[in-house]
Amino acid sequence: MDRPVSSPSGTPSPAPVDSPAPAGKSHPPLPVVAVVGLGTMGTGIAEVLLRSGREVIGIDIDPAAAERAGARLRASADRGVERRRITEQQRHDLLSRFRAGTDLADAAPADLVIEVVPEDYDLKLSVLTALDDLVRPDAVLATGTNALPVTRLAAETARPERVVGLHFFHPVPAMRLVEVVSSVLTSPDAIERVTALARDLGKEPVAAGDRPGFIADGLLFGYLNRAAAMYEARYATREDIDAAMRLGCGLPMGPLELLDLIGIDTARAVLEAMYERSRDRLHAPTPVLGQLAEAGMTGRKAGRGFYTYSGTGPDAEVVPDPPTGGGSGDRGGRTTGGRPVETVGVVGSGTMASGIAEVFAKAGYPVILVARSEEKANTARGRIAKSLDRSVTKGRMSAGDRDAALARIVPADTLDALADVDLAVEAIAEDLTVKQDLFRALDKVCRAGAVLATTTSSLPVVACARATSRPQDVIGMHFFNPAPAMKLVEVVRTVLTGDEAHATVHEVCSRIRKHPVDCGDRAGFIVNALLFPYLNDAVKMVQEHYATPDAVDTAMKLGGGYPMGPFELLDVVGLDVSLAIEETLHREFRDPSLAPAPLLRQLVEAGCLGRKTGRGFREYTRAAS
């Protein structure tokens with residue numbers, strides 16, 4: 001730059017840098033960058049640009065916003081010195097590379113201008129068209145939109161070939177993903193330059209075309225919208241929905257917590273913009289989002305959204321507030337005490353049955369493990385012994401506790417062995433006819449008052465209950481794989497389940513150190529009803545040649561904090577299993593958007609089932625054992 005741009009007060013607005021610019025980067029790609037809009041996102045973008053050694057011009061029409069941005073950046077720079085990540089001299093040098101102003105003409109020297117003004121089409125267009133007459137012909141103009149059409153914005157400027165989408169994620173300094181969005185009008189040179197910039201910032205650029213939500217938000221906001229609809233329908237409480245997705249999928253935040261963080265008004269606006277373009281019901285904002293936004297309950301920034309907070313800052317904690325109403329699995333609260341459970345029976349010999357038996361044995365319950373033959377029962381017990389040995393090796397339990405747990409497991413090859421158990425847990429094949437036959441047999445064998453539980457993940461629990469003469473004692477206990485490690489249990493109450501059986505399962509979950517969440521008896525319960533439509537949407541994205549599996553997985557891991565990308569997860573779960581669950585959801589809800597993607601069905605028909613066959617969306621060196 002020829003001269004620094006002054007802040008509204010005429011004093012430098014410093015840059016936050018926790019580490020000095022890397023050596024050898026005196027001439028980085030696009031060395032002078034203007035950021036238009038100094039809210040949270042704009043300030044975060046300015047921060048990472050300054051850390052990379054660039055000159056940054058901050059612009060906001062509101063002088064107070066520019067001053068706040070400067071204060072946040074100064075505080076970040078000060079922390080860098082306090083933590084000895086930079087020296088005082090480095091701090092001084094870095095501060096000199098940022099100035100804030102209120103005049104868009106200050107962007108004139110920039111090689112790149114990034115606008116991150118509010119998500120309003122007319123406002124963004126006014127900024128981009130004004131820049132046409134202010135910046136050099138070779139300058140690149142980037143819009144930070146996450147839902148508005150980049151192509152349409154570009155087409156209405158004088159230089160459509162120089163307009164790109166550059167979608168950073170919040171918080172910008174921490175999030176590695178940047179979606180680089182091109183349109184049919186964008187020149188390859190502009191894409192190459194901003195892609196090089198993203199890499200130079202230490203980010204992972206992912207190429208995306210111009211469609212609603214691009215990759216990450218295109219998948220994320222549909223999932224969030226479904227979660228809000230689930231809450232609105234009073235199918236489950238806000239706490240249970242969030243706990244289910246954190247504990248069942250390993251997500252960093254539950255969907256309603258995340259909506260509060262994003263801002264309910266912001267989420268609604270993004271969904272509205274996506275729906276305007278896609279006309280997909282998935283993107284039509286669920287009414288509760290509009291109701292909360294109109295009431296001023298916009299999330300953390302307002303101190304209240306789906307939850308109530310102690311303040312309005314990022315460190316505000318959730319505080320108790322009046323109950324929002326129980327889910328369909330918790331009819332009026334648990335006022336009835338449970339029945340005593342001293343002995344547990346587990347039916348099945350597979351991985352899930354073995355894991356559930358191990359969980360109960362480690363919690364102190366005597367367990368009768370029933371399989372179709374003595375050999376299968378002993379094999380399952382042997383699998384448990386190996387699992388317990390690994391726990392000892394890793395220091396998670398003592399040899400004495402291992403021996404005691406294993407001694408509590410008694411293998412059997414006949415259901416008659418379950419005559420005196422207090423709780424019988426079924427963990428056999430996911431076939432309704434087979435399960436119903438088993439429940440008829442358990443009804444005859446188990447004593448009166450015993451609770452009968454199914455671990456089904458997608459079949460109707462009430463159908464198992466109706467196969468018995470005691471439907472009030474039948475309930476769903478959906479464990480997650482691997483059962484010893486996963487903390488979540490979905491407690492599925494049918495319209496016939498009694499209060500005592502429901503309370504009994506909750507008390508048992510507490511003793512085995514699992515987190516129970518209540519839900520009603522409908523396809524997918526909580527986790528699968530939210531997870532598998534998201535996975536199906538990802539398959540459709542690849543099927544339509546919008547993005548590759550690698551790009552989608554990278555976007556969701558880096559942009560959403562997911563432990564696995566959707567295609568990694570599909571290959572682990574099994575494409576045949578995923579297809580069966582998606583077919584169940586589609587049959588029950590009859591929503592066209594839930595129809596399994598044809599590509600998923602084609603892979604299953606071809607025998608490409610994921611890791612277990614050595615090939616799914618990716619190829620593997622060998623099939624999983």
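## A quick tour of the predicted model

Asp591 touches Arg281 and His586, leaving aside residues up to four places away in sequence. Please keep in mind that this is a predicted model. Below you will find the surroundings of Asp591, an eight-stranded open sheet, one helix with a buried face, some backbone details and the aromatic pairs.

**Around Asp591**

- Asp591 sits in the loop between helix H21 (575-589) and helix H22 (598-605).
- Is Asp591 buried or exposed? With a relative accessibility of 15%, Asp591 counts as buried, because the cut-off for buried is under 20%.
- The side chain of Asp591 also reaches a backbone atom, the nitrogen of Ser593, at 3.0 Å.
- Arg590 lies in this loop between H21 and H22 too, but Arg590 is exposed, with a relative accessible area of 72%.
- Although Arg590 is not a glycine, its phi is positive, at about 55°.

**The open sheet**

- Eight strands make up an open sheet with mixed pairing, and their order is S3-S2-S1-S4-S5-S6-S7-S8.
- Strand S3 (98-101) and strand S8 (204-208) are the edge strands, each pairing on one side only.
- On average, neighbouring strands of this sheet are turned by 25° against each other, direction ignored.
- Within the sheet, strand S5 (residues 140-143) and strand S6 (residues 163-168) run parallel and are joined by three bridges.
- Which residue of S6 is the bridge partner of Ala142? That partner is Val164.
- Helix H19 (residues 549-560) packs on the sheet, where it touches strand S7 (177-181) and S8. The direction of H19 makes about 130° with that of S8.

**Helix H3 and its buried face**

- Helix H3 (residues 88-95) has Arg91, Leu94 and Leu95 buried.
- Why do these buried residues line one face of H3? Seen down the helix axis, they fall within an arc of 95°, so they share one face.
- As background, an α-helix has 3.6 residues a turn, so residues three or four places apart point the same way.
- The partners that the buried residues of H3 pack against are helix H1 (40-51), helix H2 (63-82) and the edge strand S3.

**Backbone details to look up**

- His170 and Pro171 are joined by a cis peptide bond, with omega about -5°. Pro171 is in the loop between S6 and S7.
- Another cis peptide bond joins Asn481 and Pro482, where omega is about 0°. Pro482 is in the loop between strand S16 (474-479) and strand S17 (488-493).
- Leu30, although not a glycine, has a positive phi of about 50°. Leu30 belongs to the segment before strand S1 (32-36) and, at 5% relative accessibility, counts as buried.

**Aromatic pairs**

- How many aromatic pairs does a search of the whole structure find? The search finds five.
- One of them is Phe360 with Tyr365: the ring centres are 5.6 Å apart and the planes lie at 75°, so the pair is edge-to-face. Both Phe360 and Tyr365 are buried.
- Ring pairs also bring in Phe479, linking Phe360, Tyr365 and Phe479 into a cluster.
- Tyr534 and Tyr562 have ring centres 5.4 Å apart and planes at 40°, so this pair is tilted.
- Tyr534 lies in helix H18 (residues 527-543), and Tyr562 in the loop between H19 and helix H20 (566-573), so their pair ties together parts that are 28 residues apart in sequence.
- Tyr534 and Tyr562 are both buried.

Technical notes:
Residues numbered from 1 in each chain as written. Predicted model: local features only at pLDDT ≥ 70, side-chain atom pairs only at ≥ 80, totals over all residues. Heavy atoms only, no water. Pairing = 2+ DSSP bridges. Helix = DSSP H or I, 4+ residues; strand = E, 2+ residues; numbered from the N terminus. Axes fitted to C-alpha atoms, helices over the stretch in contact; angles between N-to-C directions. Contact = heavy atoms within 4.5 Å. Buried < 20%, exposed > 50% of the residue type's maximum accessible area, 1.4 Å probe, protein only. Arc of directions from axis to C-beta. Polar contact = N/O pair within 3.5 Å; in protein donor to acceptor, adjacent residues only side chain to side chain. Phe/Tyr/Trp six-rings, centres within 6.5 Å; stacked < 30°, edge-to-face > 60°.
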